[in-house]
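Welcome! Here are a few short exercises to help you find your way around a new structure. Take your time with each one before reading its solution.

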Amino acid sequence: MTGAGSSTVVTGIGRLVTCAGPDGDVPVTDRSVPAAERLGVREDAAVVLEAGAVAWVGPAGDAPAADRRVDVGGRAVVPGFVDSHSHLVHAGDRSAEFAARMAGEPYDGGGIGVSVAATRAASDDELRGLLAERVVAARALGTTTLEVKSGYGLTVEDEARALRLAGEVTAETTFLGAHVVPPEARADRGSYVDLVTGPMLAACAPHARWVDVFCEPNSPHAFTGEESRAVLVAGRDAGLGLRVHGNQLGPGPGARLAVELGAAAVDHCTFLSDDDVAALVDAADTTVATLLPGVEFSTRMPYPNARRLLDAGASVALASDCNPGTCNTSSMPFVLALAVRELRMTAAEALVAATVGGARALRREDVGRVAVGSRADLAVLEAPSHEHLAYRPGMPLARALDL
Ligand code: NIG
Ligand code: FE
């Protein structure tokens with residue numbers, strides 16, 4: 001961010017990808033412009049940043065004077081990634097669960113209990129330190145907006161604590177008390193849903209922008225459609241926006257519930273029926289289908305069918321889902337590489353989904369693009385173009401521009 005009153009001109013941008021269309025003015029919410037056109041590529045460009053926002057975008061030769069000059073040496077610049085799905089407040093280690101999965105064990109959400117125990121046992125400062133390291137790691141790979149969920153506390157105090165800590169690093173905080181039914185509540189699921197929709201929600205809502213639920217009848221640990229509906233309706237009544245984990249492990253009601261209740265996003269979308277896809281297409285201006293291919297990479301599950309969603313006209317985002325169980329990476333470049341290689345998205349579709357798509361999923365107009373008035377969130381690539389993100393997987397090609 002630039003300090004108030006000071007301006008910075010970023011020059012030496014060999015290729016600027018604005019994600020704001022050919023004239024730099026396509027809003028986040030406008031879905032009519034195809035990805036390739038939305039890229040809004042400009043060669044030899046400059047950007048002026050002032051008071052934390054983009055003040056000017058244009059040819060390097062026309063750049064106005066500014067208090068400070070940052071030369072990026074011919075590199076490409078893209079909007080900072082908008083990672084609309086992460087679970088960064090947790091302690092503990094589940095590498096043994098990953099190893100067991102690689103040896104053939106399926107994922108069913110049961111390992112979440114391991115993270116819950118470790119997270120409850122950690123001090124505030126331990127969790128704060130772990131969270132800070134994870135935010136730094138995400139930013140080091142180009143992420144400038146990060147949604148962070150609770151969900152490894154699962155008591156009133158531990159969920160509220162997770163959200164207080166998350167609120168120290170992002171405005172995009174999500175209450176996920178309905179992540180799984182914790183071990184101590186298994187005998188009485190109904191009471192746990194009452195806790196989540198009652199006292200836990202009351203304690204957490206002041207610290208959260210969103211409510212989320214792991215709607216997954218295919219897992220004995222997660223929530224049915226009706227339980228999920230109760231959680232989402234209570235969250236909505238408490239003033240929170242809605243998000244859903246849906247259709248991750250098998251077919252289920254998550255996507256249709258998200259659409260019916262006007263959720264901002266339904267995330268995973270790995271097992272969708274034709275009716276689910278049709279519902280997401282009808283609701284494309286409201287509900288984003290967020291794909292998290294790092295999860296399928298790390299669980300060895302089938303990848304979601306991105307082409308089916310994109311070709312039908314659904315609104316698609318890409319996010320990391322960084323979490324200790326199903327995907328322990330916050331690397332959006334890795335997610336983009338998977339999206340191109342495994343989901344058959346074009347490089348343009350993947351970049352737009354990881355920037356503008358994430359902004360839509362968070363209902364944010366001020367991030368995801370390099371456009372006048374947008375936040376001063378740029379990612380610099382150690383590469384001449386965004387295509388290198390998929391072409392050179394695993395390489396540290398993107399970083400958030402620090403000013
Ligand atoms: O998005 N599916 C539910 N939650 C996480 C996994 C959490 C965990 O296993 O710790 C997810 O994949
Ligand atoms: Fe998740």
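The exercises below use a predicted model, and each comes with a worked solution.

**Exercise 1. Find which residues are closest to ligand 1, and how many surround it.**

Solution. Start with the whole shell: 15 residues surround ligand 1. Next, pick out the closest, which are Arg94, Tyr107, Tyr152, Gln248 and Asp321. Finally, sort the shell by character: four residues are nonpolar, nine are polar and two are charged.

**Exercise 2. Look for polar side-chain atoms of Tyr107, Gln248 and His268 beside ligand 1, and give the distances.**

Solution. Take the oxygen atoms of the ligand to begin with. A polar side-chain atom of Tyr107 lies 2.6 Å from an oxygen atom of ligand 1. His268 also places a polar side-chain atom beside an oxygen atom of ligand 1, at 3.0 Å. Now turn to nitrogen: an N or O atom in the side chain of Gln248 is 2.7 Å from a nitrogen atom of ligand 1. With a cut-off of 3.5 Å for a pair of N or O atoms, these pairs count as polar contacts.

**Exercise 3. How much of the accessible area of ligand 1 does the protein cover?**

Solution. On its own, ligand 1 has 330 Å² of accessible area. The protein covers 100% of that area. To finish, look at the space itself: what ligand 1 takes up is the largest cavity.

**Exercise 4. Trace the open sheet of seven strands and name its edge strands.**

Solution. Follow the order E8-E9-E10-E11-E12-E13-E14, in which the pairing is parallel. At the edges are strand E8 (148–149) and strand E14 (316–318), each of which pairs on one side only. Then zoom in on one pair: strand E12 (residues 265–268) is joined to strand E13 (residues 288–291) by three bridges. Within this pair, Asp267 has Thr290 of E13 as its bridge partner.

**Exercise 5. Which strand runs parallel to E5, and which pairs with E5 in the antiparallel sense?**

Solution. Take the parallel partner to start: strand E1 (residues 7–17) is joined to strand E5 (residues 76–79) by two bridges. Here Arg15 has Ala76 of E5 as its bridge partner. The antiparallel partner of E5 is strand E15 (residues 378–381), with four bridges between them. As a marker for this pairing, find Val77, which stands opposite Val380 in E15.

How values were computed: Residues numbered from 1 in each chain as written. Chains lettered and ligands numbered in written order. Predicted model: local features only at pLDDT ≥ 70, side-chain atom pairs only at ≥ 80, totals over all residues. Heavy atoms only, no water. Near = heavy atom within 4 Å. Polar contact = N/O pair within 3.5 Å; in protein donor to acceptor, adjacent residues only side chain to side chain. Areas by Shrake-Rupley, 256 points an atom, 1.4 Å probe, with all protein chains shown as cover. 1 Å grid on protein atoms, 1.4 Å probe; cavity = no way out; pocket = protein on both sides within 12 Å on 5 of 7 lines; lining within 4 Å. Sits in = over half its atoms within 2 Å of the grid points. Nonpolar A, V, L, I, M, F, W, Y, C, P; charged D, E, K, R; others polar. Pairing = 2+ DSSP bridges.
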